[in-house]
Every structure is written in structure tokens, then in C-alpha cells.
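Good morning, everyone, and thank you for making room for me today. I would like to walk you through one structure slowly, and I ask that you keep the picture in view while I talk.

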Protein chains: 2
Amino acid sequence: MTQAALIEQLKTLVEPGKVLTDAASLEAYGKDWTKHFAPAPSAIVFPKSIEQVQAIVRWANQHQVALVPSGGRTGLSAAAVAANGEVVVSFDYMNQILELNEFDRTARCQAGVVTKQLQLAAEEKGLYYPVDFASSGSSQVGGNIGTNAGGIKVIRYGMTRNWVAGMKVVTGAGEILELNKDLIKNATGYDLRQLFIGAEGTLGFVVEATMRLERTPKNLTAMVLGTADFDAVMPVLHAFQSKLDLTAFEFFSDKALAKVLGRGDVPAPFETECPFYALLEFEAISEDIANEALAIFEHCVEQGWVLDGVMSQSEQQLHNLWKLREYISETISHWTPYKNDISVTVSKVPAFLKDIDAIVEANYPDFEVVWFGHIGDGNLHLNILKPDAMDKDEFFAKCATVNKWVFETVERYNGSISAEHGVGMTKRDYLGYSRSPAEIACMKAVKAVFDPNGIMNPGKIFAV
Amino acid sequence: MTQAALIEQLKTLVEPGKVLTDAASLEAYGKDWTKHFAPAPSAIVFPKSIEQVQAIVRWANQHQVALVPSGGRTGLSAAAVAANGEVVVSFDYMNQILELNEFDRTARCQAGVVTKQLQLAAEEKGLYYPVDFASSGSSQVGGNIGTNAGGIKVIRYGMTRNWVAGMKVVTGAGEILELNKDLIKNATGYDLRQLFIGAEGTLGFVVEATMRLERTPKNLTAMVLGTADFDAVMPVLHAFQSKLDLTAFEFFSDKALAKVLGRGDVPAPFETECPFYALLEFEAISEDIANEALAIFEHCVEQGWVLDGVMSQSEQQLHNLWKLREYISETISHWTPYKNDISVTVSKVPAFLKDIDAIVEANYPDFEVVWFGHIGDGNLHLNILKPDAMDKDEFFAKCATVNKWVFETVERYNGSISAEHGVGMTKRDYLGYSRSPAEIACMKAVKAVFDPNGIMNPGKIFAV
């Protein structure tokens, strides 16, 4: 069958007008937030029901057409990029919250529900969806599940995985599976739901998911603490974590802070200049809790770990302190940074960070390294800024060498080459630094179970 | 090779004296807490290292010998029973906590570490392992993972699944896999760790696991509330859950309470007689929290949901209130109860419970039904007591009919035929009430990936 005939056939599976092949749509729906791959899908299809998704998958199996799942396309690993003539399956028209149950504290969502939409719907009922990150305004529930999205509250609430009560999927073989039936306890064999979480659409499509909701946090209060060196960050984390339930524990370096303060629209937390800063957050449910936090702070100062600090006294101050951390990524984008999202276990962070610093310093002394991240869960965002005088191509060529050193160091520390951004195409060739050959063989065999013809997002996680 | 020659060969794989074939050992290690299957293993082997486990698995593959994993053998679904000449692999000699990291808040455990041993080791460092249940004194970490053990604090802390930072497994194919490397964030493809959790040893052996630890709860405080009817339990749960982080929300019926009070060693919570009772627990971190709990209690009384209640004022009172719930199982064992461990989503519990009651009442009016369970997570323990005058065989024959009605009702409510006790052999033939044929086919294909020769705990979860 010709390509044109195939697309005509595809059109019969969905509602009129729900297959697009114009250049602008192919360009827009063929890529995510990564920029390394030129989008080149053959069509974009917009199903409106689970049955239509199933029909598309069956059609794709019949004609060996590769499918790429498409949510908000905010990913940073090119898992939602269609660069090889694939058909993109967009969930933009499956965007309804089908049910919100206050007693079960769950929301049953179609895959295309936007994260923010879920957060607001929860809020309306006095509940809370706690997985939050920069792209919540456009990322979709299906994509969050496909990448097991994390973000800034993982230390308290965990990853997206923890919030999926159940889901419906259409496997690569075209079967509809209802996984876990939204139960809290269900000991009836393998929890297949878990396989689809973080699978980046390589096993099938998540078409519906019931997400758990939580009690709304009360009187969130932040502290920013300046530490004497990076080593001091760890006992500070330990001291707070032993007594309080932290909702966040982030860190950033003096260089990151300098860039954000350079914008001129965010006040400095305090005058003392420190090499590293920790931002922590907790629920000051009662005055006792706030006093306990202050007592821990004083203990940290006495121990010489903390040089200065501030605690938010209002919602405005809370937001201002958070800006110091949240504005980093956007602010440094001006310097075309080399970025890497990696993790090690929390206790190994100081040694790991020093090793990476030393490697970059020794080889590229003119590179400025900006660190920030979710230190409470061992997740570091490494950013290296392009020196103004250096040509882009030269910079990226040198960064490719840095990449190798970073991943070798990650492997030595038994860490992860992708903490929360996934593998997609950008880290596919480095997977062996974090997963053994035996594990990768098992993963490929598991993929073959659910996607026997290899039509689901081929080339993502593994090479085709 | 003869059976005797095989066993001789097995002996060369482990330390001297670490293969037992005497009648008493075969009897003891061939069964778990279920009593329906006669133990009949051919040998018990006690490896002392991961490499020895691997050697046993390779030997088993070579000679097509079935292996049964053996932890504390406290299971209630016959998943650890060896009734068909299998070789039992016991982890009794792999019982060390290899490392306890206070900064990471993790304990790296060999599979045979006893739950209580882990709890005490955590306690020594001012930390807490929160998955707790009646058999914690003899259940082992490997078995907890194999069954994804739950228990009484699931509403706050979740199942064992939530506490496994990483693990080492020996697959049924004899490969050693190190899964997740104890990371909090790791987005590098399928989380194979999740497959082994709750797999009941059918994919391979969990040989080592790093378990997460938590801050110790502060000033745990319990309330027992008597409700007007079962429907009232749900708004009570909702009212408390909206404001407080509950660490438990259990329930029991008047019949269950009567049996426990009949022992004579536990004081009644209060004088008012009620058809249902809820036991809830929370951390009274400050006086504000205790006052908030009392305010919610008063609201529940005003609404007519709660008829009477009591709040613990001391650790002794806390323990006494818990005895009302914890003694039920042991107390009713005198009546040779038919037991079933099932779950539905929380909001469906009242209607589900009434349906089951009506079915039993209509068909067997002389049966006494005793309900209790973890209502906060939708997990109900159904117990039917044998009428004193009825013969055991007649009772169990009638209960087989009840079983079918219960599972049909579970299916109608989209629930689980095994909430937390697993499938093993006792629920294997009923799996289809909770998992679809397509799901079961996927599960079998996944098993074939990790256990291609079917040597791992055959006949458990699925028929051979």
C-alpha cells in the first residue's frame, strides 16, 4: 500500500479532520523540548476514545507502521520526537477528567489531561495533586506516567509512580488492559502497571489513569540556608529530616544564585555570601513545628554547617525564596548550557559532585559549572555554561567529551545517567552506564511481550 | 541421574551440612501457615551467598528441578509450600543487615533478615521501618518483598513495594541482576524491580534488598469510635483524612468486638454498644493536632455518624485500644473460621459488605459473619465462623460455595480476590475473577522472560 493510501485508511479510524499532514502540524507535533532531532512524522492522528486508539494500534501492526505517543511534548530526552516518518498519536482530544471521587481521593483522567488541570480539579474539592514541575502547564498525565515524572516535591511525595492508582493501556499488540483497578491493595500477581510507568511509550499507550490525590499541605514554609561548603549540606539535610517531614530540600551553588540575582527582579535571601545554598520546605502546621525548625537551624549554625539563613514569614516570602531556585534553569538558558540530569544515592552526592568539578576544572578550566538540583533525593542538574568567546560547535564538541566523563563517574558511583528526564533518544546510547547487559536483555524481552512487532516508539530507550 | 545423585550434586554447591533431607526438616520447611497442602519437598538447601544461590539455580535449570523460595513461611496462600518434590531454598543463613546508612536512611539486608530484626536495627539508629504486621517476628525481608506485604499502617506508609530502594535478584535463568541501585530517582527504562515485588518467587530469588527507613512517629494516639451503621464509617474516614495524616484506620464489627471482650483480658473501649467500630491512629505531634482530632470527633457525633468514642491518653491506653483489633484473628481461630482477604476501592466498601452479608444470610442463616480489616485502604478480612454443631467437612463444603459467591461479588465490584495475602496455590484457580485473560497471558509471557525453564516456584500464581 502506498503511504498516501495508508494515511487514507488511518483517516477512517478516527473522526473527520482528526488526521493532520500539513507541514506546520508535522513540525509542531513531531518534536518535544529537545532540539537535536529534526521532526519528520508522516501524520498526526488524534483519537477520541480508547477504541480508536486500539484501532490505530491494530492498523499499525497490520502495516508495520511505527507510532509515537504524544502528550504535552515537554520531555527533555526526545522520547516524543518523531524523526523517522512515524505516525504521531496525540492525546490532545482525550483530555477529560472522567470522575473525581472525594472518598477514594482519586481522579480518573484521560491520558491527555494537563497536569495543571488535574491540580486545579483537585483544588476545587479541597484536595491536592502533589507531583509538580516546571512544565505542569502543558505536560499531560499520560506523558507524566510514561516518563514517571518527578519534580520538586519528590522527597515528600515520591515520583508519579506513587500516584497512579490504576490505568488502562492499549498494548503494542492492540490489547486493552485494565491494570490494578484503582485498588490500594491488590496481591494478584505481577503488577504490570509498574512496567508501563516510565516505559516512555515503548510498550503501549497509557489511555486512561486514575491518579491519587492528597490532603492539601498547610502553611508551607521555606528556609534558605547558606552553607560553608558542600559537605555541610548533608548533615543539614539529616538534621532536618530526622525531626520534620520535609516537602522539599533543594540546593544551588553560589554561581547559580549569582545568575538569578543578576536578573534584578528577585531579592537576595540574606547578605552573607556562601558557596552553597539549601532551600528546604515543610508544613508549619503549628507554632511548635516552626519553633522546632528554628531550633534545628540554630543547631546547624552552632555546628558550623550553616553560615546564615532565613525563614519565610508569609506566602509572598515563600514565593520569593522559591524563585531563587525555580528561576535558575530559565536564567542560565542564555548561556546555551550543556545540561545533564543525573543521580546517585544521597550520601554519595558530595564526593560525586567534587569528582565531576575536578574533571571539568582540569580539562576545561574556562568552563563555568553551575550546579543545582533536588539534593534530598540525590538528583543533580549539572549545567556547564558556554564561555562567551567560544564558538557553539566547539563548545558542543568539548561537551561530548564531558558527557563521557560524567557517565563514567556516574557508573563508578553506581548512579543513574537519567534521574528524571528519561532515556528517549538522547541517552539511549549511554544506557549501559546504568543498566547491565543482562538487564537490558530482559528489558528488550519484556518489550517483545507487549509490543511483538516493535511498532511502539521504536528507537526510544533502545536502538532499533 | 537418580534423585539421590542429584541431591549429592546439590550438596557440592553449598557448605557442608547445608542440605537437609530428614523427615522433620522436609515437614517443617515444606509448608507455610496454610494447612491445605501436605508438605513433600525432596530437600532443603541453605545457601550462604548470592553466588551459591546462582549455582543452585543453574543446577536446577540443568536438571529441570523445581525450586521453592522459603523465608519465614508465614504466608497465607501456600506460595511457600513445596508439595511436589521440589527443592526448598531457605534464606535462614542469609540473615545479615549488611549496612545501615543514616544519611540515605536505608538498610541493605540479605533476604533472610527477619522483619523485626530490621525494625530493631532501625530503632537503634533513631529510625523506623514502618511495614508492620502480625508475623513480623518470623517473616523475612525476601518473603515480604515476594508477597508485597502490607499490614496495619498501609494508609500512611503504603505496602512493602514503597520501601524497596533496590534489590539484587537471581533470575530463574540464573542471572544476577542489581535492580535500581538504591536510587530515589532513576529514569533509565523499565523498573524491573517492581516485577519481582509481589511475584511470589515465580520469576527468581530476591537475594538482597535495600530497604528505606523513616523518621520515627511521634506520640502515636489512637481513637476508637462506635458508629451507627457501616455507612457512617466512610464519612468519618473522610472527615479525619481531610485534616490529619492518619497512620491507621481499621474497623471491626460488634461480633468481632464481642469475641475479643469475651477473652476477659481486654477492657471495653466504652459502654455504648454499636454495630461497627473504627480504630484510627495519628501522630499527636502537638496539642493543636490532638485538639483538631477532638474537634473532628465532635463534628462526627453532631452529624450522627459516631455514637461514642475514646482517645488514648497514654501509651498503655494506646496498646489497649489496639488489642481490640489485633486480638481478633487469634481469638476467632477457635471457631475454625473460613477466611478471605479481599479488597475494593474504599468508596465501594459499604455496598460490597452489605452484598456479601446478604448472600451469606440468605443461604446460610446459621453462619456467623465476622468482619474486620483495614478499611482505610479498602482491605476487608471476611471471616465466617463454623457453627458449633456443624461438622468440619460439611462447613468447608458449604464455604467452597461461599467462596464462589464472594469472588463473583468481588468481580462485580472490580475488586481484588487477594488484597495482601497473595495468590500462591490457594487462590490460583480464582485469578480470573481479578485479572483478565489478556493480562494473565502477559504475566505468563513475562514469567517466561525471567524463568524460561519454569523452575521457579511452579504452580504458584498460575497452574503449571
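What follows is a tour that goes from charged pairs to a surface patch, then to a helix, the cysteines and two backbone angles.

Before anything else, please keep in mind that this is a predicted model, and that the values I quote are computed from it.

Let me begin with the salt bridges. Side chains of opposite charge can pair when their charged atoms come close. Over all chains, the count comes to 56 salt bridges, and I have picked a few of them to look at in turn.

Take Arg263(A), which forms a salt bridge with Glu330(A), their closest N and O atoms being 3.8 Å apart. Arg263(A) sits in the loop between α9 (254-261) and β14 (276-283) of chain A, while Glu330(A) belongs to helix α12 (residues 328-332) of chain A, so this pair ties together parts that are 67 residues apart in sequence. As for their surroundings, Arg263(A) counts as partly exposed, at 31% relative accessibility, whereas Glu330(A) is exposed, with a relative accessible area of 53%.

Now, which residue of chain B forms a salt bridge with Asp377(A)? The partner is Lys185(B), and the closest N and O atoms of this pair are 3.6 Å apart. Asp377(A) lies in the loop between β17 (368-374) and β18 (379-385) of chain A, and Lys185(B) lies in the loop between β9 (176-179) and α7 (192-196) of chain B, so here the salt bridge joins two chains. If you ask how much of each residue is covered, Asp377(A) counts as buried at 4% relative accessibility, and Lys185(B) counts as buried as well, at 0%. The reasoning is simple, because a residue is called buried when its relative accessible area is under 20%.

Another pair in chain A is made by Arg435(A) and Glu439(A), whose closest N and O atoms are 2.8 Å apart. Arg435(A) is buried, at 6% relative accessibility, and Glu439(A) is buried too, with a relative accessible area of 2%. Salt bridges can also be linked to one another, and in chain A a network of them connects Glu99(A), Arg108(A), Lys168(A) and Glu208(A).

Let us turn to charges on the surface. Glu287(A), Asp288(A), Glu287(B) and Asp288(B) form a negative surface patch. The elements that give two or more residues to this patch are α10 (287-302) of chain A and α10 (287-302) of chain B. One of its members, Asp288(A), lies in helix α10 of chain A and is partly exposed, with a relative accessible area of 43%.

From the surface, let us move to covered places. Helix α8 (residues 233-243) of chain A is mostly covered, since eight of its 11 residues are buried. Among the buried residues of α8(A) are Val233(A), Met234(A), Leu237(A) and Phe240(A), and Gln241(A) is on that list as well. In chain B, Val349(B) is found in helix α13 (residues 349-363), and Val349(B) counts as buried, at 0% relative accessibility. If you would like a sense of distance, Val349(B) and Thr74(B) are 275 residues apart in sequence and 27 Å apart in space, C-alpha to C-alpha.

Next come the cysteines. How many disulfides does the structure hold over all chains? The number is zero. Cys442(B), for instance, is in no disulfide, and the nearest cysteine sulfur, which belongs to Cys442(A), is 17 Å away. Cys442(B) is buried, with a relative accessible area of 10%.

Finally, I would like to show you two backbone angles. Glu200(A) has a positive phi of about 55° although it is not a glycine, and you will find Glu200(A) in the loop between α7 (192-196) and β10 (204-212) of chain A. Asn414(B), which is not a glycine either, also has a positive phi of about 55°, and its place is in the loop between α14 (392-412) and α15 (437-450) of chain B. Are these two residues buried or partly exposed? Glu200(A) is buried, with a relative accessible area of 5%, while Asn414(B) is partly exposed, with a relative accessible area of 24%.

That brings me to the end of the tour, and I thank you for listening.

Methods
Residues numbered from 1 in each chain as written. Chains lettered and ligands numbered in written order. Predicted model: local features only at pLDDT ≥ 70, side-chain atom pairs only at ≥ 80, totals over all residues. Heavy atoms only, no water. Helix = DSSP H or I, 4+ residues; strand = E, 2+ residues; numbered from the N terminus. Buried < 20%, exposed > 50% of the residue type's maximum accessible area, 1.4 Å probe, protein only. Patch = residues over 30% accessible without salt bridge, like charges linked within 9 Å, V, L, I, M, F, W, Y side chains within 5 Å. Areas by Shrake-Rupley, 256 points an atom, 1.4 Å probe, with all protein chains shown as cover. Salt bridge = Lys/Arg side-chain N within 4 Å of Asp/Glu carboxyl O. Lys, Arg positive; Asp, Glu negative; His and termini not counted. Charge placed at Lys NZ, Arg CZ, Asp CG, Glu CD. Disulfide = S-S within 2.5 Å.
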